[in-house]
Amino acid sequence: MKTLVCKRKDENNTDEMTKCCKIGVDLGGTEMKIGVVDKNYNIVDKITAPTPTGADADTVCDAIAANCKILADKFNIESIGIGTPGVLKNNKVSAVNLNFDSFPLADAIAKRTGLCVKVANDANCAALAESKVGAAKGSKNCIMLTLGTGIGGGIVIDGKLYEGRGSAGEIGHICIEANGVKCNCGLTGCFENYASATALIKYANQEADANPESLLAQKRAENNGKLNGILIFGALKENCPAAKKVLDKFTDYLAAGINGLIYVFDPDTVVISGGISNAGDLLLNPLKEKIRFDIPVVIAKMKNDAGILGAAML
């Protein structure tokens, strides 16, 4: 069986050889990354463009479609996949930072481009990419956690994205502290309030306040009174006791959430992504000691391409 390779329209190819590309759109609140993906999951062309800030849904869709058309004019495209922030219900997207309120995004882009369009949550798309070509390649079932301002996630079962009725994978809002911190979602004790990058920085600031002579506090002072993941893990590398205490607390909560997810899904692999994951073994080694199962916990590989690839795979 011959391998289909995505070719540009201006090359002399048969329809079979040309119409095998897909567009993946990684839609964010400030920018969109749009790529052409071939059958071998290679990104053969890519555009990064601003997302119209504060614009209405139709204006955002016009921008998505215009950028997709730039690529569709160069390649024969089968379909478009879009990874978007927010929640999907009945194929409609609600995302505050994009002014989507039960908005039929797939239909809107299909009308503008004349192509088949599939939409999924952006974290779900990234999980799908990691399961197919990334850190969980070869795993039939996997879970991915994205540690950022909150905690995003994606669940892959039998090699397919599990979406439930459209919004499955909201891992950040499972409860790990019944009487805990009030979350923006309206619930209390949500996972993301205890194990996100935001939570890590909160713990670090608390520890720096309690230990003003610590290396952690010194690094904060040298950075205009602000801590971030790089500084926290930098202090950890230098054996700062305050930083070690911060990471111990953080990994306690992160492991608690992961252990709960493993009990429910029994995956082959758990993938960690997001900026904190750049710490590598500094994060993984203490975390793995607290995981109660013999299941690989790994760092995501696809990084900034995960959203494009996963969207195209939809």
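## Helix 9 against helix 10

In this predicted model, helix 9 brings L247, F250, T251, L254, A255 and I258 up against L282, L283, P286 and L287 of helix 10. The contact residues split into 9 nonpolar and 1 polar, with no charged residue.

Two packed helices are described by the angle between their axes and the distance between the axes. Here the axes of helix 9 (residues 241–265) and helix 10 (residues 281–288) come within 9 Å. They cross at roughly 65°. The crossing of helix 9 and helix 10 is right-handed.

## The open sheet

Five strands form an open sheet. Their order is 3-2-1-4-8, and the pairing is mixed. Strand 3 (43–50) and strand 8 (116–121) stand at the edges. Each has a single partner strand, so one side of each lacks a neighbour in the sheet. From one strand to the next, the twist averages 15°.

Which strand pairs with strand 8, and in what sense? Strand 4 (residues 77–84) does, in the parallel sense, over 6 bridges. T84 has N121 of strand 8 as its bridge partner.

## Helices across the sheet

Helix 3 (residues 105–113) lies across strand 1 (21–27), strand 4 and strand 8. Helix 4 (residues 122–133) also lies across strand 1, strand 4 and strand 8.

Their directions relative to strand 8 are as follows. Helix 3 runs at about 150° to strand 8. Helix 4 runs at about 100° to strand 8.

Terms used:
Residues numbered from 1 in each chain as written. Predicted model: local features only at pLDDT ≥ 70, side-chain atom pairs only at ≥ 80, totals over all residues. Heavy atoms only, no water. Pairing = 2+ DSSP bridges. Helix = DSSP H or I, 4+ residues; strand = E, 2+ residues; numbered from the N terminus. Axes fitted to C-alpha atoms, helices over the stretch in contact; angles between N-to-C directions. Contact = heavy atoms within 4.5 Å. Left-handed = near helix turned anticlockwise from the far one by under 90°. Nonpolar A, V, L, I, M, F, W, Y, C, P; charged D, E, K, R; others polar.
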